[in-house]
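Trainee: Please take me closely through one part of this model, the packing of its helices, beginning with one pair and then following what surrounds it.

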Amino acid sequence: MANGISKVLQDRLGLRLLEYGIPEHANSIKYSLGGMALSAFTILLLSGVLLAQFFVPDPERANQSLHYLVDQVYLGWYLRGIHFWAAEVLTVTMTLHVIRVFFTASYKNPREINWLVGIGLMLLMMTLLFTGTVVKWDQQAYEALAHFLWVAEKMGVFGLPLTEAFAQGVPLLNRIYMAHISLLPIVTLLMVGLHLFYVKYHKLSSPPEATAKSKDMPFTRHMAYLRRSGAGVFLLICLLALTIAPPLGDKPVLGLEVTKPPWQFAWVYALENLWVPFLIIAPPLIVLFMVAVPLVDQNEERYWRKRPLAMAVLIGFTLLFVGLIIWGKVTMMTHSM
């Protein structure tokens with residue numbers, strides 16, 4: 001009877017389309033990092049919908065509304081903790097996913113376009129992280145926005161839509177919040193769909209070290225693995241939210257610079273401390289480098305031992321960014337915006 005009901009549901013809902021084969025190595029941690037990042041993003045979206053019910057996107061009340069959520073609303077502190085730690089886990093899993101793709105040369109023919117889509121997704125996630133930092137409207141948020149507005153000013157007419165002067169009478173914080181909860185998530189979801197489409201179209205890349213074609217398994221089996229890994233990600237986020245409260249300061253003191261950015265942006269903070277124009281120059285240069293990767297590296301070799309230059313670049317960039325993040329966290333700003 002149960003089998004009959006299952007067959008009816010599969011026929012009616014088209015679930016049999018999910019029974020196509022994919023390589024067995026998909027059920028491994030390193031090839032499921034993208035799925036883990038997607039799980040964290042889903043948690044981020046759901047918790048964000050709930051948080052939006054309590055947030056007031058007005059410069060006079062934004063910070064106060066968050067303190068009310070944390071201090072007065074039942075389990076409000078836990079909800080905000082889940083949202084914060086989902087963003088942290090997303091950043092880590094997304095970064096590890098990009099490193100894995102580079103390490104296994106999975107950006108090569110025919111997957112160049114999906115590499116570019118992935119870079120676009122990473123930029124969107126970082127923009128969501130930045131806007132999420134700003135909307136809490138404490139001292140760190142105010143100073144992050146001040147640096148952003150300095151860059152927008154230097155961009156001239158191209159930066160005008162990103163400034164308060166573009167829509168006078170509407171607080172910039174309100175516009176940033178609307179981008180954070182509507183425009184950016186919508187574009188991100190569309191890009192995620194495109195990314196998954198290309199994964200399906202080109203199929204999961206094989207391990208470079210494989211000497212024989214790996215066996216296939218039904219995609220439904222991989223979905224079961226992703227559900228388990230997603231549950232693990234959710235459990236980790238819940239435990240972090242339970243034990244470590246995310247930072248939240250008081251309403252900002254305008255004109256003061258005493259904080260540092262979240263660790264995800266500490267590297268550019270360190271570079272800015274060396275030379276202020278790095279704030280403008282460094283991010284586009286890094287994006288251009290990543291975009292150029294599949295265009296420059298077009299040989300067919302994918303095994304890491306036979307790609308010494310690529311491995312040197314990967315190790316060098318990783319050490320550079322880790323070093324800059326640590327330096328950014330211990331150094332003090334030597335100038336003022």
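Mentor: Helices α5 and α6 are oblique to each other, since their axes cross at roughly 125 degrees and come within 7 Å. Angles under 35 degrees count as roughly parallel, over 145 as roughly antiparallel, 65 to 115 as roughly perpendicular, and the rest as oblique. Each axis is a line fitted to C-alpha atoms, for helices over the stretch in contact, and angles run from 0 to 180 degrees between N-to-C directions. The model is a predicted one, in which local features need pLDDT of at least 70 and side-chain atom pairs count only at pLDDT 80 or more, while totals for chains, interfaces and linings use all residues. Residues are numbered from 1 along each chain as its sequence is written, and side-chain values use heavy atoms, with hydrogens and water left out.

Helix α5 spans residues 112-135, and α6 spans 139-154. Helices (H or I, at least four residues) and strands (E, at least two) are DSSP runs numbered from the N terminus. On the α5 side of the pair, Phe130, Thr133 and Val134 meet Gln140, Ala141, Ala144, Leu145 and Phe148 of α6. Contact here means heavy atoms within 4.5 Å. An α-helix has 3.6 residues a turn, so residues three or four places apart point the same way.

A second pair precedes this one in the chain: α3 (residues 62-71) packs with α4 (residues 76-103) at an angle of about 115 degrees, the axes being 5 Å apart. These two helices are therefore roughly perpendicular to each other. From α3, Leu66, Leu69 and Val70 meet Gly76, Trp77 and Arg80 of α4. The loop between α3 and α4 contains Leu75, whose phi is near 60 degrees, a positive value in a residue other than glycine. At 41% relative accessibility, Leu75 counts as partly exposed. Buried means under 20% relative accessible area and exposed over 50%, with partly exposed in between (1.4 Å probe, protein chains only).

The loop between α4 and α5 shows two further backbone features. Ala105 lies there, with a phi near 55 degrees, again a positive value in a residue other than glycine; at 1% relative accessibility, Ala105 counts as buried. Pro110 is found in this loop too, and the peptide bond from Asn109 to Pro110 is cis, with omega near 10 degrees. Most residues other than glycine have a negative phi, and most peptide bonds are trans.

Two residues show how helices α4 and α7 are covered. Thr91 lies in α4 and is buried, with a relative accessible area of 7%. Leaving aside neighbours within four places in sequence, Thr91 is in contact with Leu129, Trp263 and Gln264. Pro185 belongs to α7 and is buried as well, its relative accessible area being 10%. With neighbours within four places again set aside, Pro185 is in contact with Leu45, Leu128, Ala179 and His180. The C-alpha atoms of Pro185 and Leu121 are separated by 11 Å, though these residues lie 64 residues apart along the chain.

Helix α6 has a further role in the packing: together with α10 (278-296) and α11 (308-330), α6 is among the elements that cover the buried residues of α9. In α9 (residues 266-274), 8 of the 9 residues are buried, so this helix is largely enclosed by the rest of the structure. Its buried residues are Ala266, Trp267, Val268, Tyr269, Ala270, Leu271, Glu272 and Asn273.

Beyond that enclosed helix, the surface carries a nonpolar patch of about 900 Å², made by Leu274, Trp275, Ile281, Leu285, Leu288, Val322, Ile326, Trp327 and Val330. The elements that give two or more residues to the patch are α10 and α11, and the largest share, 4 residues, comes from α11. Leu288, in α10, counts as exposed at 56% relative accessibility. Patches are made of residues with over 30% relative accessible area and no salt bridge, like charges being joined within 9 Å and nonpolar side chains (Val, Leu, Ile, Met, Phe, Trp, Tyr) within 5 Å. A salt bridge is a side-chain nitrogen of Lys or Arg within 4 Å of a carboxyl oxygen of Asp or Glu. Accessible areas come from the Shrake-Rupley method with a 1.4 Å probe, and for residues, only the protein chains shown count as cover.
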